[in-house]
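Here are some notes for a colleague who is new to this structure. Please read them with the model open beside you.

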Amino acid sequence: MTAVHFDSYTEARAHLKALLDAAERGRVATVRRESAVTAIVDVERLRHYLAAVTPSRAQTVPEDGGWSIFIPGLPIAADGRTFNEAVTEMVGALREYAEDWQDHLLDAPNHRENWGLVQLISLSDDDQLHEWLVGKAR
């Protein structure tokens with residue numbers, strides 16, 4: 001099987017299984033709707049790729065007997081009594097940012113380019129976001 005492309009939504013719907021099978025196997029799978037072409041991608045493949053190309057750049061700072069975490073250039077920060085508590089709070093802050101981005105920030109000039117980050121947040125579970133923020137436990 002090679003790339004799968006359908007020139008209409010109706011054609012794609014009639015061949016949905018082939019479209020999804022191609023995406024799950026990592027093959028190119030696209031659908032044209034009017035002048036736009038949309039790619040269908042397996043979630044775990046996309047999440048893995050986004051995690052690899054979107055470093056968290058999270059910085060931690062010991063502060064007043066606890067920890068603060070922030071991501072430079074983003075309005076996201078969290079605090080906690082322990083390092084793990086701060087990371088857990090940061091995961092929650094990331095989720096709130098992703099919701100705000102979907103709701104009203106996606107067209108804001110200073111947030112528009114965060115599409116990949118929002119996809120990564122939305123496609124990740126809490127453990128995956130924790131790992132993305134601090135790296136794998138050694």
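1. This is a predicted model, and a convenient place to begin is the hairpin formed by strand 4 and strand 5, which has 2 residues between the strands. In the turn, Asp64 has a positive phi of about 50 degrees.

2. Within this hairpin, strand 4 (residues 59-63) and strand 5 (residues 66-70) run antiparallel and are joined by 5 bridges. To follow the register, start from Val61, which stands opposite Ser68 in strand 5.

3. Elsewhere, 3 strands make up an open sheet in the order 1-2-3, with mixed pairing. Its edge strands are strand 1 (4-6) and strand 3 (36-39), each of which pairs on one side only. On average, and with direction ignored, neighbouring strands of this sheet are turned by 20 degrees against each other.

4. Between strand 2 (residues 29-33) and strand 3 the pairing is antiparallel and extends over 4 bridges; here Thr30 has Ala39 in strand 3 as its bridge partner. Helix 2 (residues 16-24) packs on the sheet, where it touches strand 1 and strand 2, and its direction makes about 135 degrees with that of strand 2.

5. How do helix 5 and helix 6 pack, and at what angle? Helix 5 (residues 115-123) and helix 6 (residues 126-134) have axes 8 Å apart and pack at an angle of about 135 degrees, so the two helices are oblique to each other.

6. On the helix 5 side of this contact are Leu117, Leu120, Ile121 and Leu123, which meet Gln128, Leu129 and Trp132 in helix 6. By character, the residues of the contact divide into 6 nonpolar, 1 polar and no charged.

Technical notes. Residues are numbered from 1 along each chain as its sequence is written. This is a predicted model: local features need pLDDT of at least 70, side-chain atom pairs count only at pLDDT 80 or more; totals for chains, interfaces and linings use all residues. Side-chain values use heavy atoms; hydrogens and water are left out. Two strands pair if DSSP finds at least two bridges between them. Axes are lines fitted to C-alpha atoms, for helices over the stretch in contact, and angles run from 0 to 180 degrees between N-to-C directions. Contact means heavy atoms within 4.5 Å. Angles under 35 degrees count as roughly parallel, over 145 as roughly antiparallel, 65 to 115 as roughly perpendicular and the rest as oblique. Ala, Val, Leu, Ile, Met, Phe, Trp, Tyr, Cys and Pro count as nonpolar, Asp, Glu, Lys and Arg as charged, and the others, Gly among them, as polar.
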